[in-house]
Amino acid sequence: MTIKELKSLVANEESEQLEFKKSTGELKGGMETLCGFLNRNGGTVVFGVSADGRIIGQNVSDSTLREVANELTKVDPACSFDQIRVKVTGAHEVLLLATAD
């Protein structure tokens, strides 16, 4: 995904298949939302975007990715997820978690 595609995605605003989280500091809530998406038609949680659609980004370190991976292993029954990183500025990235088709 390119930054242009990300901007287009967040321009759609939050919906029943798209939710924004300011950072992975809100990982627990994001995982709850992702599980809800699994019970419906799928969806994407975007970390690094404010509730009003501003692309902020965050530092996505190895530790961050391990924490996210650990949370994904807790989903029962196990499911496939797409994890997409989009560089926004400097060391800041947006992390998208999407239910896989």
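Read along the sequence, this protein runs α-β-α-β-β-α-β-β, which amounts to three helices and five strands. Before I go further I should say that what we are looking at is a predicted model, and that I will keep to what can be computed from its atoms.

Let me start with the overall dimensions. For a chain of 101 residues, the rule for a compact globule gives a radius of gyration near 13 Å, and the protein comes out at 13 Å, so the two agree. If you lay the C-alpha trace along its principal axes, the spans are about 35 × 30 × 20 Å. Of the 101 residues, 41% count as buried, and the accessible surface of the protein is about 6,000 Å², with 45% of that supplied by carbon and sulfur atoms. On the contact side, if we take contacts with a sequence separation of 6 or more, 63% of them are between residues 24 or more positions apart. As for charge, there are 11 positive and 15 negative side chains, and the centres of those two sets lie 6 Å apart.

Now to the cysteines. How many disulfides does the structure hold? The count is zero. For Cys35, the nearest cysteine sulfur belongs to Cys79 and sits 7.8 Å away, and because a disulfide here requires sulfur atoms within 2.5 Å, Cys35 is in no disulfide. The statement holds from the other side as well, since Cys79 is in no disulfide and has the sulfur of Cys35 as its nearest, at 7.8 Å. Cys35 counts as partly exposed because its relative accessibility is 30%, and Cys79, with a relative accessibility of 36%, is likewise partly exposed.

Next, some backbone details in the loops. Which peptide bond is cis, with omega near 5°? That is the bond leading from Asp76 to Pro77, and Pro77 itself lies in the loop that connects α3, residues 62-72, to β4, residues 81-89. A second point concerns Glu13, whose phi is near 65°, a positive value in a residue that is not glycine. Glu13 belongs to the loop between α1, residues 3-10, and β1, and with a relative accessible area of 56% Glu13 is exposed.

Staying with loops for a moment, Ser23 is found between β1, residues 18-21, and α2, residues 27-38. At 25% relative accessibility Ser23 counts as partly exposed. Setting aside neighbours within four places in sequence, Ser23 is in contact with Phe47, Gly48 and Gln58. By comparison with Asn12, Ser23 is 11 residues away in sequence, while the C-alpha to C-alpha distance between the two is 19 Å.

That brings us to helix α2, where I would like to set two residues side by side. Is Lys28, which is found in helix α2, buried or exposed? With a relative accessibility of 63%, Lys28 counts as exposed. Lys28 and Val68 are 40 residues apart in sequence, and their C-alpha atoms are 9.5 Å apart in space. Phe37 is also found in helix α2, but Phe37 is buried, because its relative accessible area is 6% and the threshold for buried is under 20%.

What does Phe37 touch, leaving aside its neighbours within four places in sequence? The list runs through Glu16, Gln17, Leu18 and Glu19, then Gly42, Gly43, Thr44 and Val45, and it also includes Thr99. Arg54, in turn, is 17 residues from Phe37 in sequence and 22 Å from it in space, taken C-alpha to C-alpha.

The last residue I want to show is Thr64, which has its place in helix α3. Thr64 is buried, with a relative accessible area of 10%. Apart from neighbours within four places in sequence, Thr64 is in contact with Thr24, Gln58 and Asn59. Gln58 is therefore a name you have heard already, since the rule of heavy atoms within 4.5 Å also puts Gln58 in contact with Ser23.

To close, I would come back to two points: the structure holds zero disulfides, and the peptide bond from Asp76 to Pro77 is cis. Those are the places where I would be glad to take your questions.

Conventions. Residues numbered from 1 in each chain as written. Predicted model: local features only at pLDDT ≥ 70, side-chain atom pairs only at ≥ 80, totals over all residues. Heavy atoms only, no water. Helix = DSSP H or I, 4+ residues; strand = E, 2+ residues; numbered from the N terminus. Rg over C-alpha atoms; globule rule 2.2 N^0.38 Å. Buried < 20%, exposed > 50% of the residue type's maximum accessible area, 1.4 Å probe, protein only. Areas by Shrake-Rupley, 256 points an atom, 1.4 Å probe, with all protein chains shown as cover. Lys, Arg positive; Asp, Glu negative; His and termini not counted. Charge placed at Lys NZ, Arg CZ, Asp CG, Glu CD.
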